[in-house]
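Reader: I would like to learn how to read salt bridges and helix packing in a model. Please take one residue as the starting point and work outward.

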Amino acid sequence: MSRLLPLVILISFGVLVGLVFNTGVGHPYDKVIHIGFFALLTLSIHALFCCRLRISAVVAFAMGLAGEMVQGFLPHHEMSLPDAFANGIGVTLVVALIALIRSEARQAVKDAPEELDFSGMGLEPVPTRYLSGAPSEGSGVPSEK
């Protein structure tokens, strides 16, 4: 399910944007829509195909460039360098976010607490039975029977 969720969000976003902003020319939020769509596209490619992040980014950005080139040949559309730049920003935002999350996870694992050396402190840990916390029979703790 987590692999399909970005794709479902991308499709919903595309349908809603297509229904609400069907002209696509001269809208003041056009660049924001490009950034959001290509961020979701990059995330969808990465989640759905489980490929490397670099590959997802390159494929999404190439799709954006190809889409802009195709628009240059369509009658009521125009090829736009600012749109291609906005596509790149969307791809870059997702790549940076995923890289940040991964580096934080690696740092958390690296900073995991170390085992205490009780013998070096002159102490001895109290053995317990499994995970219950009850002391084992030979632990030297008097029973309360």
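Reader: Where is aspartate 83 found?

Author: This is a predicted model, and in it aspartate 83 is found in helix α4.

Reader: Is aspartate 83 buried or exposed?

Author: Its relative accessibility is 7%. The cut-off for buried is under 20%, so aspartate 83 counts as buried.

Reader: Which residues does aspartate 83 touch?

Author: Leaving aside residues up to four places away in sequence, aspartate 83 touches Asp30, Lys31, His34 and Glu68.

Reader: What should I look for when charged side chains meet?

Author: The general idea is that side chains of opposite charge can pair when their charged atoms come close. Here aspartate 83 forms a salt bridge with lysine 31, and the closest N and O atoms are 2.6 Å apart. Aspartate 83 belongs to helix α4 and lysine 31 to helix α2 (residues 30-49), so this pair ties together parts that are 52 residues apart in sequence.

Reader: How many salt bridges does the structure hold?

Author: The structure holds 2 salt bridges. Besides the pair just described, the side chains of aspartate 30 and lysine 31 meet in a salt bridge, at 3.1 Å from N to O. Asp30, Lys31 and Asp83 are thus listed as a network of salt bridges.

Reader: Are aspartate 30 and lysine 31 buried or partly exposed?

Author: Aspartate 30 has 14% relative accessibility and counts as buried. Lysine 31 has a relative accessible area of 33%, which makes this residue partly exposed.

Reader: Now the helices. At what angle do the axes of α3 and α4 cross?

Author: Helix α3 covers residues 53-71 and helix α4 covers residues 81-110. Their axes come within 9 Å and cross at roughly 170°. An angle over 145 degrees counts as roughly antiparallel, so α3 is roughly antiparallel to α4.

Reader: Which residues make the contact?

Author: From α3, the contact is made by Leu53, Ala57, Ala60, Phe61, Gly64, Leu65 and Glu68. From α4, the contributors include Asp83, Ala84, Val91, Ile98 and Arg102. Aspartate 83 therefore appears in this contact as well as in the salt-bridge network.

Reader: How many residues of each class does the contact of α3 with α4 have?

Author: The count is 10 nonpolar, 3 polar and 3 charged residues.

Conventions: Residues are numbered from 1 along each chain as its sequence is written. This is a predicted model: local features need pLDDT of at least 70, side-chain atom pairs count only at pLDDT 80 or more; totals for chains, interfaces and linings use all residues. Side-chain values use heavy atoms; hydrogens and water are left out. Axes are lines fitted to C-alpha atoms, for helices over the stretch in contact, and angles run from 0 to 180 degrees between N-to-C directions. Helices (H or I, at least four residues) and strands (E, at least two) are DSSP runs, numbered from the N terminus. Angles under 35 degrees count as roughly parallel, over 145 as roughly antiparallel, 65 to 115 as roughly perpendicular and the rest as oblique. Contact means heavy atoms within 4.5 Å. Ala, Val, Leu, Ile, Met, Phe, Trp, Tyr, Cys and Pro count as nonpolar, Asp, Glu, Lys and Arg as charged, and the others, Gly among them, as polar. A salt bridge is a side-chain nitrogen of Lys or Arg within 4 Å of a carboxyl oxygen of Asp or Glu. Buried means under 20% relative accessible area, exposed over 50%, partly exposed in between (1.4 Å probe, protein chains only).
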